[in-house]
Each structure stands twice: as C-alpha cells, then as structure tokens.
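Let's walk through this one together, question by question. Have the sequence and the structure open as we go.

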2 protein chains.
Amino acid sequence: MGDRGNFKKNLRKDAREDIKLTTSSSTDLHCSFHGALPPLLGWNSPEIWRDRDDIQPCRAILDEDLTKTEPTAAIIDGKMIAEKIRQEVTEEVTRLKSQTGGKVPGLAVVLVGSRKDSETYVRSKKKACKEVGIASFGEDLPESSSEEDVLAVVRKFNEDPSVHGILIQLPLPKHMNEEKVLAAVSVEKDVDGFHPLNIGKLAMQGRTPLFVPCTPKGCIELLLRSNVDIKGKHAVVIGRSNVVGTPAAMLLQRHQATVTVVHSYTPNPAEVTRRADIVIAAVGVAHLVGGDWIKPGAVVIDVGINPIEDPSAKKGYRLVGDVCFKEACMKASAITPVPGGVGPMTIAMLLSNTLDSAKRAYGLIN
Amino acid sequence: MGDRGNFKKNLRKDAREDIKLTTSSSTDLHCSFHGALPPLLGWNSPEIWRDRDDIQPCRAILDEDLTKTEPTAAIIDGKMIAEKIRQEVTEEVTRLKSQTGGKVPGLAVVLVGSRKDSETYVRSKKKACKEVGIASFGEDLPESSSEEDVLAVVRKFNEDPSVHGILIQLPLPKHMNEEKVLAAVSVEKDVDGFHPLNIGKLAMQGRTPLFVPCTPKGCIELLLRSNVDIKGKHAVVIGRSNVVGTPAAMLLQRHQATVTVVHSYTPNPAEVTRRADIVIAAVGVAHLVGGDWIKPGAVVIDVGINPIEDPSAKKGYRLVGDVCFKEACMKASAITPVPGGVGPMTIAMLLSNTLDSAKRAYGLIN
C-alpha cells in the first residue's frame with residue numbers, strides 16, 4: 001500500500017511531533033433530532049482514508065518512470081506571494097502608525113508547556129510579526145498550569161487595548177478543555193477565525209465574519225493572485241476539517257464557485273474530484289490524490305504537509321502534500337508545491353488578520 | 001419562457017403577499033481580504049435564476065402529453081409524517097409534564113404590525129402549539145412601535161423561565177433592523193436555529209448546535225423516516241439561503257453524504273443535479289427543476305412553495321414547488337409533493353425544537 005503503509009508503520013515519533021497536521025482527529029457528532037433516529041456517524045479523518053482498500057496509492061511513488069514525462073503545470077509560488085503580502089502588510093502597518101500617532105497592531109501568543117514543535121511555531125510567528133512591524137506579546141505558561149491560569153492570561157489580553165489578536169498555541173495540555181479556552185478569546189481578537197460565530201457568519205448570506213481562518217484564506221489568495229477565475233467554476237474540496245476544508249468550501253462558494261466537498265465516506269473520490277476545475281486538498285494523507293484524480297487543466301491547491309520516510313534526508317523523512325505532485329503536474333494547469341505553497345501563506349494571513357483587527361480597533365475599517 | 005415569464009408579469013400582488021418564499025433577497029457580501037482584491041459578488045437569488053436564458057422551462061407545462069406516462073416515484077407524505085411527529089411531541093410533552101411537576105414547553109411569538117399573512121402564520125403556530133400541549137405566548141405590537149419596544153419584549157421573553165423558544169415573525173416593519181432584533185433573542189431560545197452561532201456549530205466538526213433550522217431539519221427527517229440512506233450518497237442542494245439551502249447542505253454532510261451546492265452562478269445546473277442520488281430544491285422559482293435534472297431513481301425533496309397563475313383556482317393562482325412534479329415523478333424513486341411535502345414538516349420541527357429547549361431548561365437533556 002505504498003507510503004500510506006509506511007506512514008503508519010515506520011514514521012518516527014519525533015517526525016510526527018515536528019509536524020502540525022492540517023486536520024483534527026475524528027469526533028462523534030450529535031445533532032438534536034426528535035424521535036428515534038439513527039445516531040449521526042463519526043466524522044472523517046485521515047485514518048479512515050488510510051484504511052480504505054479501494055483507493056490506490058499514488059503511482060509516481062511506485063513507478064518513478066512517470067516523472068520522465070514533461071510536466072504541464074505552472075507552479076504557484078506561495079513563498080513569493082506570501083513575501084509580497086508581508087511587504088504590503090509592512091507598508092500598511094507604517095501607514096496605520098502615522099494615522100494613529102504611533103500605534104501598531106499587536107499579536108499575543110499563549111503557549112502552555114514546552115513542546116518543541118509548539119515552541120518553534122511560536123518563535124516563527126513572533127519573528128514574522130517583528131519583520132512587518134507588528135508588536136508581539138507572549139505568555140509562556142508551564143505545563144502544570146491550571147485551566148484557570150490560562151483563562152486569566154486570555155482575559156488579560158482580551159482587555160489589553162494594545163493586543164488586537166490572540167492565538168492559543170495548540171495542542172494544550174490534556175488536562176485542559178481546549179474548546180473552553182478557545183471560547184474565552186474575545187471574538188474581536190479571534191484572528192485565527194475559528195470561533196463558531198465567525199464560521200457561522202462566513203457560511204451565511206448577508207453576514208460578514210470578523211476574521212477568516214488563515215489557511216483557507218491563504219488558499220483563496222493564492223488563486224486570486226494567480227488570476228484564477230473562481231466564479232462559475234466547479235471546485236472540489238477534499239477534507240472537511242474546521243480549520244481548512246469547511247471554511248475553504250464556504251469561501252469558494254462566496255466567490256461563486258459550485259462546490260463539492262469530498263470526504264472519507266465519498267465512495268468515488270477520484271471520479272468526483274476529476275470533475276473539478278479547482279481542487280483544494282486538505283486531508284492530511286500523504287499522496288492521497290493521484291494524477292487520475294485531476295482533470296486536465298485543473299488548478300490544484302495542496303494544503304497537506306505530511307512527513308514520509310526518506311532515508312536520504314537528514315531527519316529520515318521529508319514533507320509531501322496530499323497530492324502526488326509529480327503526477328498532478330502532468331495534468332494540472334497550475335499547482336502549489338509542498339513545501340513552499342500554502343504553508344507560507346498561513347502566517348502571512350495571520351499577519352493580515354491582525355492588521356485588520358487593529359484597523360478595526362482604531363476605527364479605520366468597519 | 002413558460003411559467004417563469006408569467007410569474008413575473010401576471011402574478012397578483014396579493015398572491016405574492018400570501019406566500020412566504022423560502023429564500024431571501026440577494027445581498028452583497030464582503031469578506032475582509034488583505035490587499036487590492038476583487039470584491040465579492042452578489043449572492044444568488046430567484047431573480048438571477050429567472051433571468052437566465054440558458055435554462056429551459058419545465059416541459060410538462062408546455063407538453064401536457066408527458067403526464068400520460070406512468071409515474072415511477074413513491075410520494076413522500078409530509079403531512080402524514082408531520083402528524084406522526086406531532087403525536088410524538090404530544091406524548092413527550094405529557095412525559096415532561098409528569099417529570100417536572102406540571103411544567104410544559106413555552107413558545108413566544110412576537111408579531112409587529114398587522115400584515116394579513118403574518119397574522120395567519122402566527123395563528124397557525126399558536127394553534128399547533130395548543131394541539132401538542134405547548135403553551136404559547138404572544139405579544140402583538142403595532143406597526144408604529146419603535147425598535148426599542150420590540151427589543152424590550154424580546155428581553156422580557158429571554159428572562160421568562162416559562163418561555164423556551166422565541167420567534168420573531170418576519171418581515172419586521174422597514175424602520176427596524178431585523179438582524180439586530182434577531183440577534184437579541186437568547187441563543188438558548190433561538191428555536192428557529194438562525195443564530196450564526198448555531199449555524200457555525202452546525203458546520204463544525206465536534207460541535208453541536210442548540211437548534212437546527214426547522215425546514216432543513218424537516219427535509220432530513222423526511223429522508224430518514226422514509227428509510228432513505230444518506231451515508232455515502234451524492235446529494236445536490238439547489239439554493240443556498242441561510243434558512244434552507246445552506247443548513248440543509250450542512251446536515252446532509254453530517255449524515256456523510258457528498259454534497260454539491262448548486263446556485264444561480266452554476267453554469268450547468270441540470271448536468272450537476274443529474275449526478276445526485278438525493279436532490280433538495282430550495283430556490284423559490286416555480287418549476288425550475290425539470291425531469292431532465294433528475295437521475296433515474298433519485299430521491300427529490302422539494303422545498304419551494306411558489307404561486308403560479310391558475311385561472312381555474314379560486315384565488316387565481318395555485319402553489320407549486322421548485323420541481324416540475326409531473327416530470328420528476330417519471331424519473332425519481334421518491335418525491336415530496338407541494339403542498340403536503342416539506343411544508344407541514346417545518347412547523348412540526350418548530351414544535352420539536354421548542355420541546356428540546358424545554359427539556360434542556362429542565363435538565364432532561366444536555
């Protein structure tokens with residue numbers, strides 16, 4: 001079963017911890033229906049995809065000869081586009097500063113415990129803030145902190161007028177209720193855009209969310225800045241996580257695409273995806289999407305960042321997307337690479353959201 | 001252009017006022033993107049559908065001969081299923097009463113002004129409450145009331161422990177901010193399920209909304225109680241209103257369907273809909289969906305309630321769905337009629353939501 005088998009069997013523990021997967025774990029959902037109705041089933045998850053016997057592994061993994069064909073796809077350079085956005089944010093921060101007599105946007109990051117990967121993320125976020133002139137505030141709490149300690153920090157940042165965005169670095173220690181802590185963040189400072197109120201408004205006609213989640217917002221920015229027309233196109237989003245798939249589908253629909261969401265219970269994902277003009281893959285399964293999933297000429301945005309075994313790499317693994325890049329390149333008209341595609345956009349959008357929040361706080365936008 | 005032309009030209013004003021259309025009017029949407037991005041376009045609306053030249057009117061209207069063929073579809077009897085649900089609600093209200101020492105669920109309906117249609121709806125809701133043992137509370141305010149008057153009434157019901165659900169009868173007089181008044185209803189009493197917090201939670205993995213909007217909840221109940229398997233099926237929802245299309249798509253996905261939302265900017269709606277095992281049509285355009293939109297064997301839920309001219313009818317018009325019933329009957333395996341399909345389910349679900357709210361208030365469910 002190619003790299004999916006390897007993924008399960010051989011991936012080193014430290015590699016797993018190095019990587020923030022793009023989808024969350026499966027959760028049972030219940031919905032208040034009247035009467036004796038069948039219970040709602042479990043949500044999709046990477047595990048369900050990996051356990052499916054009907055899905056063939058990416059051929060390029062098995063047959064390296066395929067890579068000798070000439071690719072057709074333009075590469076969407078997420079690193080370059082993200083850099084451009086950071087420059088724009090820098091300019092707007094300067095303008096904000098001059099308009100407000102020296103005020104700058106502020107982002108607070110709450111880190112609990114000392115996970116190596118979390119510390120790396122927090123450091124890179126703070127560094128990115130500094131580069132564009134956003135003030136960053138940090139509060140590092142020990143693993144042993146109580147939920148109340150964390151809530152107290154969140155409340156402090158909620159009330160601090162120099163803080164315009166608050167991030168809780170996930171995962172929190174197991175003894176804390178993540179949902180409760182996240183819900184404590186003021187919706188006006190929810191720059192992650194994960195608050196159900198923001199998700200609800202994103203889905204609804206005539207409503208405007210205060211913030212759009214960073215990764216799906218980054219996907220749409222990549223499309224728009226690559227002059228991909230979304231209106232009237234058929235888009236397929238593979239995956240339906242709260243942080244990527246679901247808001248990505250909502251955004252594509254707001255841009256007038258006809259959207260189909262493919263998930264682990266979709267019987268014929270390749271056939272459905274093959275109808276799409278635009279594909280956003282956000283499952284968290286290495287090389288799930290083979291070349292035979294892609295319609296010739298489609299645009300492919302690959303959100304996955306998955307470690308696969310690679311003895312030639314220094315750490316023993318390398319990062320690949322949910323899409324088999326080599327195969328998809330032969331079909332797509334444009335595609336994002338991994339790394340260097342969606343990844344750099346997430347942090348650029350976080351900076352953009354924080355800037356928007358500050359502008360709103362200073363009355364410069366609604 | 002068949003009945004769509006007639007709809008625009010000839011429909012009597014009182015007929016329009018008699019009918020509560022299932023979709024709201026088009027609204028411009030904006031979403032806070034950084035940089036000089038193209039603005040988001042207008043949402044879909046029945047008007048956009050009606051103005052499309054590429055969509056053929058329902059043939060059965062043009063060619064009555066078609067109706068001589070034998071229909072294949074079982075009729076899903078919404079009236080009977082709704083009656084069954086009301087009986088179940090009645091029994092549960094009795095049980096609640098005995099468990100709480102005489103407490104019953106309470107529904108408050110706020111009516112502003114004296115629109116004939118609104119008065120009819122309010123009357124029928126109160127009558128339905130009475131039949132199942134739910135207490136109904138009403139507050140009828142004059143058209144000239146101020147927004148503050150209405151808000152004061154909403155606050156009173158928010159605080160009243162014998163009220164478990166609050167409905168604001170729409171439309172409100174033009175001098176009031178509908179969104180603001182609706183937002184004043186406590187989310188614990190939002191039995192309509194329209195609060196963005198409920199919609200957000202409905203969309204999200206691992207979250208449970210307090211209430212699911214009544215009409216889409218009714219559509220799913222019709223499928224479930226007709227033993228239609230949803231899991232793994234391809235569903236197409238036509239229309240993306242806040243009250244029906246969008247939450248219906250979310251619900252189908254929670255039941256593990258692969259969902260495509262077709263809207264007025266979908267270039268090939270018949271072709272896309274023809275792939276569906278389950279179709280929910282909720283646009284508000286009479287006979288939009290012809291037989292050629294339906295895959296043989298599909299299940300069709302028709303949410304539309306549209307008046308079309310009919311000189312033989314007492315009022316000069318009759319009510320038809322978004323689906324051309326006569327044509328779809330030749331293709332579908334099961335279909336809801338209009339009237340007598342989804343319509344009766346909406347009020348049954350409202351009673352069910354109010355019961356659930358009361359159970360929650362008395363600690364009988366979470």
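## Questions on the model

Q: What are the helix and strand shares over residues 76–192 of chain A, and how far apart are the end C-alpha atoms?
A: This is a predicted model, where local features need pLDDT of at least 70, side-chain atom pairs count only at pLDDT 80 or more, and totals for chains, interfaces and linings use all residues. Residues are numbered from 1 along each chain as its sequence is written, chains are lettered from A and ligands numbered from 1 in the order written, and side-chain values use heavy atoms, leaving out hydrogens and water. Helices (H or I, at least four residues) and strands (E, at least two) are DSSP runs, numbered from the N terminus. Residues 76–192 of chain A come out as 50% helix and 15% strand, with end C-alpha atoms 24 Å apart.

Q: Which feature does UniProt place at residues 76–192 of chain A?
A: UniProt positions follow the numbering used here, with feature names shortened, and annotations may be inferred rather than shown by experiment. The unreviewed entry lists this stretch as "domain: Tetrahydrofolate dehydrogenase/cyclohydrolase catalytic".

Q: What average pLDDT does chain A have?
A: pLDDT is the predictor's confidence in each residue, from 0 to 100. In chain A, 84% of the residues score at least 70, and the average is 86.

Q: Which strands stand at the edges of the open sheet in chain B?
A: Two strands pair if DSSP finds at least two bridges between them. Here 3 strands run in the order E3-E2-E4 with parallel pairing. One side of each edge strand is left without a neighbour in the sheet because each has a single partner, and these strands are E3 (135–141) and E4 (165–168) of chain B.

Q: Which residue in E4(B) stands opposite Ala108(B)?
A: Strand E2 (residues 106–112) of chain B pairs with E4(B) in the parallel sense over 4 bridges. Along that pairing, Val109(B) faces Leu167(B). Ala108(B) stands opposite Ile166(B).

Q: Which residues of E4(B) point the other way from Gly165(B) and Leu167(B)?
A: In a regular strand the side chains alternate between the two faces of the sheet. All four residues here are buried, meaning under 20% relative accessible area, with exposed over 50% and partly exposed in between (1.4 Å probe, protein chains only). Opposite to Gly165(B) and Leu167(B) point Ile166(B) and Ile168(B).

Q: Which helices do the buried residues of H9(B) pack against?
A: Helix H9 (residues 196–203) of chain B is mostly covered, with 7 of its 8 residues buried. Among them are Leu197(B), Ile199(B) and Leu202(B). Their packing partners are H9 (196–203) and H11 (245–254) of chain A, plus H11 (245–254) of chain B.

Q: Is Val187(B) buried or exposed?
A: Val187(B) sits in the loop between helix H8 (178–184) and H9 of chain B. Leaving out residues up to four places away in sequence, Val187(B) touches His195(B), Leu197(B), Asn198(B), Leu210(B) and Phe211(B), where contact means heavy atoms within 4.5 Å. With a relative accessible area of 18%, Val187(B) is buried.

Q: How many disulfides does the search of the whole structure find?
A: A disulfide is a pair of cysteine sulfur atoms within 2.5 Å. The sulfur of Cys214(B) is 11 Å from the closest cysteine sulfur, in Cys129(B), so that pair is too far for a bond. Cys329(B) is in no disulfide either, with the nearest cysteine sulfur, in Cys324(B), 9.0 Å away. Over all chains, the number of disulfides is 0.
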